[in-house]
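Visitor: Got a minute to walk me through this one? I'd like to start with the charged pairs.

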Amino acid sequence: MTRPAARGGSKTSADRLARLLNLVPYLLARPGIEVAEAAGDLGVTERQLREDLELLWVCGLPGYGPGDLIDMAFDGDRVTITYDAGIDRPLRLTPDEALALVVALRMLAETPGVANRDAIERALAKIEDAAGDLVGAPVAVRLPGDTRRVEALRAAVESGRALRITYYTAARDETTERVVDPLRMLMVGGRAYVEAWCRRAEAVRLFRADRIDAITELDEPAAVPPQAVPHDRTEGVFRPSPDLPLITLRIGRGERWITEYYPCERVEAGDGDQWLVSLRVTDLGWARRFVLGLGPDVTVVAPVELAEQVRATASAALDAYAVPAPVTRLPDDRAAAAPGAPSGDPAVAGRTQ
């Protein structure tokens with residue numbers, strides 16, 4: 001038994017892996033097949049097949065001893081598998097694997113901003129055709145949020161039309177109307193966004209689809225200026241920078257989730273279970289609402305301006321609760337008509353409507 005000589009060159013790793021997984025079952029079904037015939041059946045050159053056989057020789061089960069590796073015998077130009085190391089079946093998808101691939105591809109096809117949608121549809125059709133009844137289950141894939149709004153935004157991006165939108169800006173807690181020139185749709189953190197040139201801000205802005213209250217596609221084409229370049233969103237929507245306000249909070253154990261959910265510049269252990277956390281924010285208005293929405297275990301350390309804003313807003317809310325509700329007295333005839341109460345009974349007269 002002699003081993004084939006080493007040869008150089010190969011196709012991509014993914015192609016080769018798939019070919020190797022199918023090669024052992026193929027050779028098991030055809031003991032003593034000529035290398036040239038096998039290469040023709042598999043659609044590779046004889047040289048490539050010999051390289052694959054050489055690689056198979058060092059593959060096998062954990063332990064990788066003489067009795068663990070795939071083994072084969074050569075008789076001239078003929079090859080026979082003598083030990084398959086358990087790789088005795090062609091590569092096939094299980095029902096669960098086929099369904100998982102179908103769901104993933106359908107989700108990818110629904111994702112805004114994905115390029116080569118035709119390629120995704122073709123791959124999906126091939127898998128569904130090959131899997132047959134395995135993926136016949138009624139599976140509907142929809143992205144979270146308003147599908148109609150996302151479709152309208154996607155259509156505007158594809159048609160190259162300008163949009164008039166009514167948009168809620170959470171950072172400033174305000175709703176504005178803008179005319180935007182769409183650049184692309186994208187998904188970030190499981191949410192759909194449209195990135196566009198905002199004529200009001202004269203800059204590229206990112207608009208979350210579920211915060212767009214109204215959309216009107218204009219008759220004019222999108223007029224994207226040369227300086228409008230999409231931003232890199234691979235690390236998320238919010239990109240902390242030194243020019244943004246830095247806030248420092250003292251948090252208890254119950255609020256430590258902040259350090260996992262938001263990008264923090266510094267996290268230090270404080271007294272007891274408390275931590276000191278510093279992070280960048282878009283503006284202090286957003287930070288004020290953020291802190292007010294947290295529990296009582298959070299204290300603003302810096303800046304002083306934020307602490308004063310939080311204190312003033314909280315005090316105003318408490319003062320509103322301290323004002324007694326106005327009392328509306330019932331007319332005399334209604335008081336007299338109240339069952340079981342004599343006319344002028346203060347218990348009735350003091351009831352509110």
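**Salt bridges and a sheet**

Guide: Sure. Arg266 and Glu268 make a salt bridge, with their closest N and O atoms 3.0 Å apart. Keep in mind that this is a predicted model.

Visitor: Is Arg266 buried or exposed?

Guide: In between: Arg266 counts as partly exposed, at 39% relative accessibility. Glu268 is partly exposed too, at 36%.

Visitor: Which residues do shared salt-bridge partners join into one network?

Guide: Glu46, Arg50 and Asp77.

Visitor: And how many salt bridges does the count come to?

Guide: The count is 12. One of them links Asp181 to Arg199, where the closest N and O atoms are 2.8 Å apart. Asp181 sits in strand S5 and Arg199 in the loop between strands S6 and S7, so this pair ties together parts 18 residues apart in sequence.

Visitor: How accessible is Asp181?

Guide: Its relative accessibility is 0%, so Asp181 counts as buried. Arg199 is partly exposed at 31%.

Visitor: What does Arg208 pair with?

Guide: Asp210, with 2.7 Å between the closest N and O atoms. Here Arg208 is the buried partner, at 15% relative accessible area, while Asp210 is partly exposed at 36%.

Visitor: Switching topic: in what order do the strands of the open sheet come?

Guide: S1-S3-S2, three strands with antiparallel pairing. S1 (33-34) and S2 (71-75) each have a single partner strand, so one side of each has no neighbour in the sheet.

Visitor: How many bridges join S2 to S3?

Guide: There are 5, and S3 covers residues 78-83. Asp75 stands opposite Arg78 in S3.

Definitions and conventions. Residues numbered from 1 in each chain as written. Predicted model: local features only at pLDDT ≥ 70, side-chain atom pairs only at ≥ 80, totals over all residues. Heavy atoms only, no water. Pairing = 2+ DSSP bridges. Helix = DSSP H or I, 4+ residues; strand = E, 2+ residues; numbered from the N terminus. Salt bridge = Lys/Arg side-chain N within 4 Å of Asp/Glu carboxyl O. Buried < 20%, exposed > 50% of the residue type's maximum accessible area, 1.4 Å probe, protein only.
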